[in-house]
Amino acid sequence: MKKNDKDKDTTVIAGRKPVQELLLDSPERIDLLYLQKGRQDKNFERTIQRCKKHGIKYKIADKTELGRIFPGNHQGIIARVAALSFADYDEILENLSESPLPLLIVLDQVQDPGNVGVLSRSLYALGGAGIVTAKHGGAFLGPAAVKASAGALNKLAVARVNNISQALDKAIDMGINIYGAGLDVDSTSAYTAEINLPAILVLGNEEKGIRFNVEKRCQKLIHIPFRREFDSLNVAQAGAMLISEFSRRVS
């Protein structure tokens, strides 16, 4: 049983059999699993074990809450799912240099689905390799993100990883250049910085920026120099401008 709720902008799959099939075939698509409070059967325990195995967030909720999420016969289990399929992160790294623009965008706790969607339009149009986000703490890539992307998210390679820092370590081991968007004292103007491809560009949370442990993996911080006093650009705007500068450097 599947429902698209435009008001809440989410896609859910409900019912024991559909959710169990999703857990077995495409667990990476599940953003959050709701289980009805009070259930204590073998399927309930097995479902929790599968969630733990695949690092899927789950919530024990009462029947009333489940009814608000899916006002039908949910059978005590509902999965909130992404509106797209995900690629393998290792494969994206291996094929990075084959993209017209060998640039991978890594999102560190970027929360707004609209920002992810708009950003993906710029990345796809300029030939970028794909987007990486964390399984927990990032934007839900549901209908809002896909709509804002004008379909680009369904064409780009999109991967979700358990740990951004560890994912960047793997890229560093492969000799991939890591750049972070930031305004720290050691940050360089994107227009004058030495930029080498293939590369990863890390974009941080809309308010807090890149987390410390993630920033440590960035070999260089870059920023867009302002010609007027201004607070900031949102992550989609700043990201698009930086992607354009990376594209300009393609030889």
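These legends accompany four close-up views of a predicted model.

**View 1. Histidine 54 and its surroundings.**
Let's start with a single side chain. Histidine 54 belongs to helix H2, which covers residues 42-54. Is this histidine buried, partly exposed or exposed? Histidine 54 counts as partly exposed because its relative accessible area is 27%, between the 20% and 50% cut-offs. Setting aside neighbours within four places in sequence, you will find histidine 54 in contact with Leu23, Pro27 and Lys135. Glutamate 94 makes a useful reference point: it is 40 residues from histidine 54 along the chain, and the two C-alpha atoms are separated by 23 Å.

**View 2. The largest cavity, with histidine 54 in its lining.**
Stay with His54 for a moment, as this residue also helps to line the largest cavity. Two of the residues in contact with histidine 54, Pro27 and Lys135, appear in that lining as well. The rest of the lining is made up of Glu28, Ile30, Asp31, Gly55, Ile56, His136 and Arg160. By class, the lining has three nonpolar, three polar and four charged residues. The space inside comes to about 50 Å³. How many cavities of 30 Å³ or more does the structure hold? The count is one.

**View 3. Helix H5, from its cap to the glycine that follows.**
Helix H5 takes in residues 113-125, 13 in total. From first C-alpha to last, H5 reaches 19 Å, close to the 18 Å expected at 1.5 Å a residue. Look at the N-terminal end for aspartate 112, which caps the helix: one of its side-chain oxygens lies 2.7 Å from the backbone nitrogen of glycine 114. Beyond the helix comes glycine 127, with a positive phi near 90°. Which residues of H5 are buried? They are Asn115, Val116, Gly117, Leu119, Ser120 and Leu123. Their cover includes three strands, E6 (103-108), E7 (130-134) and E11 (199-204), together with helices H6 (143-148) and H9 (235-248).

**View 4. The largest pocket.**
Here the view moves to a pocket with a volume of about 580 Å³, the largest in the model. Its lining draws on 25 residues, and those nearest the centre are Ala181, Gly182, Leu183, Ser232 and Leu233. Which elements give two or more residues to this lining? They are E11, H9 and strand E12 (220-223). You may recognise E11 and H9 from the previous view, where both help to cover the buried residues of H5. Sorted by class, the pocket lining divides into 13 nonpolar, seven polar and five charged residues.

Definitions and conventions: Residues numbered from 1 in each chain as written. Predicted model: local features only at pLDDT ≥ 70, side-chain atom pairs only at ≥ 80, totals over all residues. Heavy atoms only, no water. Helix = DSSP H or I, 4+ residues; strand = E, 2+ residues; numbered from the N terminus. Buried < 20%, exposed > 50% of the residue type's maximum accessible area, 1.4 Å probe, protein only. Contact = heavy atoms within 4.5 Å. Expected span 1.5 Å × (residues − 1). Polar contact = N/O pair within 3.5 Å; in protein donor to acceptor, adjacent residues only side chain to side chain. 1 Å grid on protein atoms, 1.4 Å probe; cavity = no way out; pocket = protein on both sides within 12 Å on 5 of 7 lines; lining within 4 Å. Points joined across faces, edges and corners; volume = space filled by probe spheres on them. Nonpolar A, V, L, I, M, F, W, Y, C, P; charged D, E, K, R; others polar.
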